[in-house]
Amino acid sequence: MEFQKVFISDKASLSKKQARESLIGNWKRSLDAAKILIVSVCIVPLFVILGGVFVYGISGIFLKTVRRQEWQVSDMFSGFRDFGRVMRLWIWVFGNILIASLPLILLSALLSKYDFLARWILTPTTYTPLELIGSVVVLIMVCIWPMLQYIKYSQVFFLIIDHKDMNTRSAVAASIKLMKWNEKKMLFLILSFVGWVLLMAILVAVIYIALFTISSMALKALIVIAAAIVLFIGASLLTVYGRTACAVFYEKITGRRSQRNPKVIFDETIVL
């Protein structure tokens with residue numbers, strides 16, 4: 001099996017602009033599809049077991065979106081038609097990212113056990129600036145490895161959608177080869193959405209503070225429900241925007257979409 005690999009020279013802002021252009025007239029349907037994914041993520045056991053089906057479906061939808069092809073919201077469940085291959089790939093990718101995330105999971109459990117996050121948000125003055133900075137540095141460091149693993153495997157579902165005869169090992173190998181020398185561009189694309197993530201983090205903090213500081217159950221419930229609704233809408237918008245931008249990135253990295261500024265570009269044929 002052979003296909004082209006291209007070094008990405010376009011900026012993240014251009015890929016995002018092209019994603020927005022692709023979404024014109026498709027936002028409503030795209031949000032409906034994204035909501036299915038978000039609901040599955042919220043139901044953790046469902047996502048752990050069938051997450052591959054939903055990721056496959058959302059990837060196919062936004063790949064069709066950037067290619068100006070027709071699709072239906074029901075395509076979110078298209079992974080069931082190729083269930084064995086999708087689940088084998090999901091187990092591999094999810095398992096590797098989960099292992100890479102263990103330090104972050106353990107750190108989160110530790111912070112929760114000692115109520116560090118609540119005290120940090122509610123009474124930050126009880127910590128020295130050095131302790132606060134150190135906490136942020138440690139958090140960033142334990143987040144780096146899972147993100148690098150995600151970047152390495154970020155193209156696998158797009159690949160198996162385009163190549164129906166590609167098995168798990170070939171998809172993983174192809175994604176790693178495609179991302180070699182392109183990791184920085186994907187990282188910049190991910191980081192360009194940090195404002196959205198910070199907004200959602202603020203909403204989570206609002207929910208957290210409300211649970212700990214407000215005594216009125218009615219007011220507490222109102223604030224938590226309102227923040228949760230806004231968080232759900234924000235997560236859906238981020239999923240649509242972000243995954244479409246990733247589809248544009250995939251189109252460029254495989255040579256299907258030309259780049260506007262091909263300054264430092266080379267083509268490579270990947271053989272599997």
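Which helices each supply at least two residues of the nonpolar patch? They are H4 and H5, spanning residues 83-100 and 102-113. Keep in mind as you look around that this is a predicted model.

**The whole chain**

Let's step back for a moment. The chain has 272 residues, and 42% of them are buried. Its secondary structure adds up to 12 helices and 2 strands. Following the sequence, you start with a strand, go through the helices, and end on a strand: β-α-α-α-α-α-α-α-α-α-α-α-α-β.

**The patch on the surface**

Now back to that patch. Its members are Leu-98, Ile-99, Leu-102 and Ile-105, and together they put about 360 Å² of accessible area on the surface. Ile-99 is a handy one to click on: this residue sits in helix H4. Is Ile-99 buried or exposed? Its relative accessibility is 58%, so Ile-99 counts as exposed, since the cut-off for that label is over 50%.

**H4 and its neighbour H3**

Helix H4 also meets H3. Two packed helices are described by the angle between their axes and the distance between the axes. Here are the three helices that come up in this report, with their residue ranges:

| Helix | Residues |
|---|---|
| H3 | residues 44-66 |
| H4 | residues 83-100 |
| H5 | residues 102-113 |

The H3 and H4 axes come within 9 Å, crossing at roughly 115°. That angle makes H3 roughly perpendicular to H4. As for handedness, the crossing of H3 past H4 is right-handed.

So H4 turns up twice: it supplies at least two residues of the nonpolar patch, and its axis crosses that of H3.

Technical notes
Residues numbered from 1 in each chain as written. Predicted model: local features only at pLDDT ≥ 70, side-chain atom pairs only at ≥ 80, totals over all residues. Heavy atoms only, no water. Patch = residues over 30% accessible without salt bridge, like charges linked within 9 Å, V, L, I, M, F, W, Y side chains within 5 Å. Areas by Shrake-Rupley, 256 points an atom, 1.4 Å probe, with all protein chains shown as cover. Salt bridge = Lys/Arg side-chain N within 4 Å of Asp/Glu carboxyl O. Helix = DSSP H or I, 4+ residues; strand = E, 2+ residues; numbered from the N terminus. Buried < 20%, exposed > 50% of the residue type's maximum accessible area, 1.4 Å probe, protein only. Axes fitted to C-alpha atoms, helices over the stretch in contact; angles between N-to-C directions. Parallel < 35°, antiparallel > 145°, perpendicular 65-115°, else oblique. Left-handed = near helix turned anticlockwise from the far one by under 90°.
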